[in-house]
Amino acid sequence: MTQDKQISTLFKQRYQHEPDVICHAPARVNIIGDHTDYNDGFVFPAAIDCGTTIAASKRNDQLVKVYSHDFGQSYTEFVLNQFSFDTEHMWCNYIKGSVQALMEKYPNLRGANLVVTGDVAQGAGLSSSASFEMAILKTFTSLYQLALDGKTAAKMGQQAENDYVGCNCGIMDQLISAMGKKGHAMLLDCRDLSFEDAPISDELSLMIINSNVKRGLVDSEYNLRREQCEQVAKHFNCKALRDVTLSQLESAKGQLSEVQYRRAKHVITENARTVAALNAFKSSDMPTLSQLMAESHQSLRDNFEVTTKEMDGLVAIVSEQVGTEGGVRMTGGGFGGCVVALIPTKLVDTVTKQVKLQYPQQFGLTADIYICHASQGAFRHVEEV
Ligand code: GLA
């Protein structure tokens with residue numbers, strides 16, 4: 001509510017009238033299942049209580065005016081249908097890409113006055129960009145009462161990243177930001193977009209630890225990983241690595257490069273771990289979940305090579321404290337950013353203390369620790385809470 005008041009005040013200062021709508025879309029954390037989404041596999045994320053908030057009013061022309069309060073208070077504007085990549089305001093390309101995708105379905109869309117704010121740590125791998133895309137799409141949907149559902153919105157956000165921004169990401173981040181359910185994590189099948197909500201027990205805390213290592217080379221390395229996976233799927237004449245079994249991979253080991261083998265091994269085993277994690281999660285089997293999260297991290301480190309020594313170090317510190325009572329691993333795309341831990345609430349203080357003590361000693365860096373709560377996606381109906 002206070003956030004809504006603040007953004008309303010900013011909006012009135014900028015445009016001298018009240019906003020017609022205020023829309024919010026959450027960021028996400030992924031509990032297990034990384035680099036599986038673009039292989040038609042499984043992921044297990046939750047939407048979290050930070051994200052992007054937008055105040056907006058309708059316009060009768062095709063102009064979109066945007067004040068952003070998080071990128072040095074910058075302003076830009078553009079005309080719908082005259083899209084050009086913005087090298088000065090990189091953040092605006094998420095808006096342009098999303099609106100362009102929306103206009104394929106709604107070509108007569110009119111413009112808007114916007115004020116945008118966000119509280120997601122930038123470059124931390126918590127999907128500030130997906131939350132931005134979903135917030136923009138939700139804003140236009142609400143302003144002009146469009147019949148846009150969450151799955152379609154998620155695909156449009158992904159299209160914005162793939163075609164406009166140039167990152168060949170999968171669907172996980174947009175889908176969870178659109179369709180997450182308060183208090184729940186979601187097992188998502190990225191092939192047909194069917195999902196199952198799984199309640200997070202009150203006794204568990206969802207901890208995110210930002211290594212504060214700036215994510216580097218993300219897009220190029222990310223796109224390269226995706227290409228390597230697609231090469232292996234092609235080798236097996238399959239649509240995606242989802243369709244390749246571990247025994248098929250083992251039998252073909254000699255025909256693949258060593259790197260291709262390891263990339264595919266990660267994806268195939270990570271899919272199995274993610275499905276197994278849902279079952280462990282539902283039956284509160286923490287030792288199994290702990291083991292699966294540990295194996296996921298090792299595989300992302302050794303087979304997929306997307307962790308950093310700082311992320312590995314954080315995982316080791318947390319794991320030593322929680323043992324089999326909790327799980328910890330890197331989360332998201334990797335190459336820096338955050339680790340996620342699912343731990344008994346009673347251990348939060350001990351873990352926090354040890355991370356604050358040991359991480360600076362070992363790496364000369366300070367970690368930021370957030371205890372977050374699973375929140376509602378931008379397109380998930382309120383009555384479903
Ligand atoms: C990024 C991408 C997602 C997904 C993760 C890794 O967050 O945007 O689509 O591939 O990396 O799981």
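Okay, let's start in helix H8, residues 258-282, where Glu258 and Arg262 both sit, four residues apart, or about one turn of the helix. One thing before I go on: this is a predicted model.

So, Glu258 and Arg262. They form a salt bridge, and the closest N and O atoms are 2.7 Å apart. Are the two partners buried or exposed? Glu258 has 51% relative accessibility, and exposed means over 50%, so Glu258 counts as exposed. Arg262 comes out at 14%, and the cut-off for buried is under 20%, so Arg262 counts as buried. Elsewhere, Asp34, Glu270, Arg273 and Arg329 are joined into one network by salt bridges that share partners.

While we're in H8, have a look at Thr269, which is also found in that helix. Thr269 counts as buried, at 17% relative accessibility. What does Thr269 touch, if you leave aside its neighbours within four places in sequence? The answer is Leu246 and Ser299.

Back to salt bridges. The count for this model comes to 20 salt bridges, and I'd like to show you a couple that centre on Arg191. One partner is Asp40: Asp40 and Arg191 form a salt bridge with their closest N and O atoms 3.0 Å apart. This pair links distant parts of the chain, 151 residues apart. Asp40 is in the loop between strand S1 (21-32) and strand S2 (42-58), while Arg191 is in the loop between strand S6 (184-189) and strand S7 (195-199). Asp40 counts as buried, with 13% relative accessibility. Arg191 has a relative accessible area of 32%, and is partly exposed.

Arg191 also meets Asp243, side chain to side chain, in a salt bridge of 2.7 Å, N to O. Again the pair links distant parts of the chain, here 52 residues apart. Where is Asp243? Asp243 lies in the loop between helix H6 (218-235) and helix H7 (246-251). At 30% relative accessible area, Asp243 is partly exposed.

Stay in that loop between S6 and S7 for a second, since Leu193 lies there too. Leu193 has a phi near 60°, which is a positive value in a residue other than glycine. As a reminder, most residues other than glycine have a negative phi. Leu193 is buried, with a relative accessible area of 8%.

There's another residue like this to click on, Ser284. Its phi is near 50°, again positive in a residue other than glycine. Ser284 is found in the loop between H8 and helix H9 (286-302). Is Ser284 buried or exposed? Ser284 is exposed, with a relative accessible area of 61%.

Okay, on to helix packing, with H3 as our main character. H3 covers residues 128-143 and H4 covers residues 150-165, and their axes come within 9 Å and cross at roughly 125°. That angle makes H3 oblique to H4. As for handedness, H3 passes H4 in a right-handed crossing. Which residues do the touching? On the H3 side you have Ser129, Ala130, Glu133, Met134 and Leu137, and these meet Ala153, Ala154, Met156, Gly157 and Glu161 in H4. Sort that contact by class and you get six nonpolar, two polar and two charged residues.

H3 also packs against helix H5, residues 172-179, at an angle of about 50°, with the axes 9 Å apart. H3 and H5 are therefore oblique to each other. Here too, H3 passes H5 in a right-handed crossing. From H3, Ala130, Ser131, Glu133 and Met134 meet Asp173, Gln174, Ser177 and Ala178 in H5. By class, this contact has three nonpolar, three polar and two charged residues. If you're looking at the structure, try picking out Ala130, Glu133 and Met134: they appear in the contact with H4 and in the contact with H5.

Last stop is up at helix H1, residues 2-15, where you'll find Gln6. Gln6 is exposed, with a relative accessible area of 52%. How far apart are the C-alpha atoms of Gln6 and Thr117? They are separated by 9.9 Å, and the two residues are 111 residues apart along the chain.

That's my tour, and I'm happy to take questions.

How values were computed: Residues numbered from 1 in each chain as written. Predicted model: local features only at pLDDT ≥ 70, side-chain atom pairs only at ≥ 80, totals over all residues. Heavy atoms only, no water. Axes fitted to C-alpha atoms, helices over the stretch in contact; angles between N-to-C directions. Helix = DSSP H or I, 4+ residues; strand = E, 2+ residues; numbered from the N terminus. Parallel < 35°, antiparallel > 145°, perpendicular 65-115°, else oblique. Left-handed = near helix turned anticlockwise from the far one by under 90°. Contact = heavy atoms within 4.5 Å. Nonpolar A, V, L, I, M, F, W, Y, C, P; charged D, E, K, R; others polar. Salt bridge = Lys/Arg side-chain N within 4 Å of Asp/Glu carboxyl O. Buried < 20%, exposed > 50% of the residue type's maximum accessible area, 1.4 Å probe, protein only.
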